[in-house]
Amino acid sequence: MRDLCIHRGTALSLGWVADDCVVCPYHAWRYDASGACVRIPQSSAATIPTKARTVVYQCQERYGLIWVCLSAGTPAYPLPEIPELETGGWKVVNTGPFSWQADASRQVENFTDFGHFPWVHPGLLGDPERPLVPEHTVETRGHVLHYTIVRPEAPNSDDFPVFANDVAVKPERRSRYELHLPYTIVLRLGWGGTKGMVYFFASQPEKA
């Protein structure tokens, strides 16, 4: 719901909830879930003007986040499907949120940029001795970009002594990316066999 009472412009977030309605703290006008004003205590009129309503937005709670369609209409795209976060069979580790002094699109670009791995994350994600970006193909399915890479094994380092596999073995770290418009990425990291990790990343723009 837009944080604005249509009556005198008061922030509805300063009010309270009563009978499943948001109550404005200034004159106690009540707005139901559709955004329509359903009670004006100062008036005995049986009919409330149809223009007495505030804008509402579709929202959904999923994966521990609140998703809001800010267009005040039907969402352009469905939410990403991450069954691993809903079956209960995976250990979930929450991190963040982290604040970046950058545009949300730049953060997504950084997440999908393989070329910086050897220099910024040596021993963790890349090896400066093998800086070439692995061959990969990007496939578009609906509004989602899909691509898979197999990264060269990075040698163990003092900072990350147990992360890397033996560099003598064939690389097994298969990374499957799903880039959901506009700012969401689902990354499935394979470590060979049945072991793996799902990295769920959502970049949220903040109003300046």
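A salt bridge is taken here as a side-chain nitrogen of Lys or Arg within 4 Å of a carboxyl oxygen of Asp or Glu. In this predicted model, eight salt bridges meet that rule, and several of them are introduced below.

A good place to start is Asp-127, which pairs with Arg-130. The closest N and O atoms of Asp-127 and Arg-130 lie 3.3 Å apart, so the pair falls within the 4 Å cut-off. The two partners can also be described by their accessibility. Asp-127 has a relative accessibility of 11% and is therefore buried, whereas Arg-130 reaches 34% and so counts as partly exposed.

Arg-141 and Glu-139 form another salt bridge, with an N to O distance of 3.2 Å. Here Arg-141 is partly exposed, at 45% relative accessibility. Glu-139 is partly exposed as well, with a relative accessible area of 40%.

The next pair brings strands into the picture. Arg-188 forms a salt bridge with Glu-178, and their closest N and O atoms are 3.1 Å apart. This contact links distant parts of the chain: Arg-188 belongs to strand 10 (residues 184-190) and Glu-178 to strand 9 (residues 174-180), with their positions ten residues apart in the numbering. Both Arg-188 and Glu-178 are buried, which means that each has under 20% relative accessible area.

Finally, salt bridges can also join into a group. Arg-62, Glu-81 and Glu-86 are connected in such a network.

How values were computed:
Residues are numbered from 1 along each chain as its sequence is written. This is a predicted model: local features need pLDDT of at least 70, side-chain atom pairs count only at pLDDT 80 or more; totals for chains, interfaces and linings use all residues. Side-chain values use heavy atoms; hydrogens and water are left out. Buried means under 20% relative accessible area, exposed over 50%, partly exposed in between (1.4 Å probe, protein chains only). Helices (H or I, at least four residues) and strands (E, at least two) are DSSP runs, numbered from the N terminus.
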